[in-house]
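Here is a short set of exercises to work through with the model open beside you. Try each task before you read its solution.

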Amino acid sequence: MQQLTKDVYAETDVRGANVGFVVTGEGVVLIDSPMVPSEARRWREQIAEITDQEIIYLINTDHHRGHVLGNQYLTTAVIAHELAWKEMKSYGDSFRQRLINRFIKDNKPEVAAEFENLKIILPRLTFTNRMILHKGNKTIRLIHVGGHTPATSLVHVVEDSVLFTGDIVVKDRHPFIGHGNSKEWLDALTFIRQLGVRTIVPGHGEICDKETLQQLSEYIRQMRAQVRKLYRAGRTKTETASRVDLFDFFPVPDKDRQRTRKRFKASVGRVYEEVRAGYELSPKAKKK
Ligand SMILES: [Zn+2]
C-alpha cells in the first residue's frame, strides 16, 4: 500500500484493478474493491490498521468485475454511475460461473473456489453526470467521463490533488476500448490533463503522471487513424482487427499475450464500429 498524501492511500498490487481510500475525518471513502475475496478482506484489515474511522462509502469507477466484486466484503454503501448499476443488475449465476471457469482455466482452483459465495452489491446511490461528497475536511468529486465504458467515472480528491481515474488511465499496458468509445476517451484524457492534479492513480499499473496521459492519447489517436484508413480501403472489421499495427506499443508479458491479443482485437473492432457509424451519419466524409 502507498500513502499518497496525509489522508489518501492506494494499492496497485491487488488482482483486478487498483484500489484506494480517503480518510475524511468523518469516515473512510473507498475507491473500487479488490476482486478476489481474500484480497478484499485483507484490504479491509489494512484500512483498519491505518484508521479507526468507519467505511462510509465505496465508489465503483465502472462495473467491470475487477472493480466491483469485492464490494461485499467492504460495505453496502456503494456509489456508481447509473449505467454501472444497470450493468451490475444483470450479474447472475452465469456471470459467476464464467468467473469461476476463468480461474480454473488459469490453473487457480483455490481462487475459483473463493467465488462460490459471491454476492453482488449493487450501487445504492447513483449519479449521471457529477456528484460531490462533502465529508469531514474533504471534497470528493465524482466526474462521469465515459470512454472506457459508458459508465466510467473519475474520483477527484480536491484538497489532496489526487485523481483516481478508473480504467480511463492504465499504465504500461493496452487500454481496453472494447466496451467504450475512443472519442470520449480522448476527451477524458484532455480533461484530466487540464485538471492538473498532482497525483494520478490509474485503474491498472503504477501511480503515474502526465507522460502516461500523453502516451495513451497517442495510442488511441494512432488506433483511430489506422482503423479509419483500413475502413476507407474497404477492409472488413475482422481484417482491420488483424492489420492494425499497435500491439507492440505496450509491453505484454508472454503469459498474457493470448488474452491481451483478444482484447486488443475487441478494442479495434469497437473503434471500427465508431468509424463506420461516423461515415454512415455523414456520407460526405467519404469524399475526403
Ligand atoms: Zn473497466
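**Exercise 1. Decide how α6 and α7 are oriented to each other, and find the residues that join them.**

Step 1. The outcome is that α6 and α7 are roughly antiparallel, a label for angles over 145 degrees; under 35 degrees would be roughly parallel, 65 to 115 roughly perpendicular, and the rest oblique.

Step 2. The number behind this label is an angle of about 160°, and the two axes lie 10 Å apart. Axes here are lines fitted to C-alpha atoms, for helices over the stretch in contact, and angles run from 0 to 180 degrees between N-to-C directions. The helices themselves are DSSP runs (H or I, at least four residues), strands are runs of E with at least two, and both are numbered from the N terminus.

Step 3. A word on the source: this is a predicted model, in which local features need pLDDT of at least 70 and side-chain atom pairs count only at pLDDT 80 or more, while totals for chains, interfaces and linings use all residues. Residues are numbered from 1 along each chain as its sequence is written, and side-chain values use heavy atoms, with hydrogens and water left out.

Step 4. For the handedness, α6 passes α7 in a left-handed crossing (the near helix is turned anticlockwise from the far one by less than a right angle; clockwise would be right-handed).

Step 5. Now list the contacts, meaning heavy atoms within 4.5 Å. From α6 come Ser-182, Lys-183, Trp-185, Leu-186, Leu-189, Ile-192 and Arg-193, and they meet Lys-210, Leu-213, Gln-214, Leu-216, Ser-217, Ile-220, Arg-221 and Arg-224 of α7.

Step 6. Sorted by class, this contact has 7 nonpolar, 3 polar and 5 charged residues. Ala, Val, Leu, Ile, Met, Phe, Trp, Tyr, Cys and Pro count as nonpolar, Asp, Glu, Lys and Arg as charged, and the others, Gly among them, as polar.

**Exercise 2. Repeat the analysis for α7 and α9.**

Step 1. Helix α7 covers residues 210-232 and helix α9 residues 257-281; they pack at about 60° with axes 9 Å apart.

Step 2. This pair is therefore oblique, and its crossing is right-handed.

Step 3. On the α7 side, the contact uses Tyr-219, Met-223, Arg-224, Val-227, Arg-228, Tyr-231 and Arg-232. The α9 side supplies Phe-264, Ser-267, Val-268, Val-271, Tyr-272, Glu-274, Val-275, Arg-276 and Tyr-279.

Step 4. By class, 10 of these residues are nonpolar, 1 is polar and 5 are charged.

**Exercise 3. Which residues of α9 are buried, and what covers them?**

Step 1. Check the helix length: α9 has 25 residues and reaches 36 Å from first to last C-alpha, close to the 36 Å expected at 1.5 Å a residue (the expected span is 1.5 Å times one less than the number of residues).

Step 2. Buried means under 20% relative accessible area, exposed over 50%, and partly exposed in between, with a 1.4 Å probe and protein chains only. The buried residues of α9 are Thr-260, Phe-264, Ser-267, Val-268, Gly-269, Val-271, Tyr-272, Glu-274, Val-275 and Tyr-279.

Step 3. Their cover includes α6, α7 and α8 (237-243).

Step 4. For a link to α8, take Thr-238, which lies in that helix and is exposed at 62% relative accessibility. Its C-alpha is 7.5 Å from that of Gly-269, although the two are 31 residues apart along the chain.

**Exercise 4. Is Leu-69 buried or exposed, and what does Leu-69 touch?**

Step 1. Locate Leu-69 in the loop between α2 (65-68) and β6 (78-81).

Step 2. At 1% relative accessibility, Leu-69 is buried.

Step 3. Leaving aside neighbours within four places in sequence, Leu-69 contacts Ser-33, Pro-34, Met-35, Phe-95, Leu-99, Phe-115, Leu-118 and Ile-120.

**Exercise 5. What is the phi of Asn-107, and what is the phi of Ser-161?**

Step 1. Recall that most residues other than glycine have a negative phi.

Step 2. Asn-107 has a positive phi near 65°; this residue sits in the loop between α4 (93-105) and α5 and is exposed, at 66%.

Step 3. Ser-161 also has a positive phi, of about 55°. Ser-161 lies in the loop between β10 (153-157) and β11 (162-164) and is buried, at 14%.
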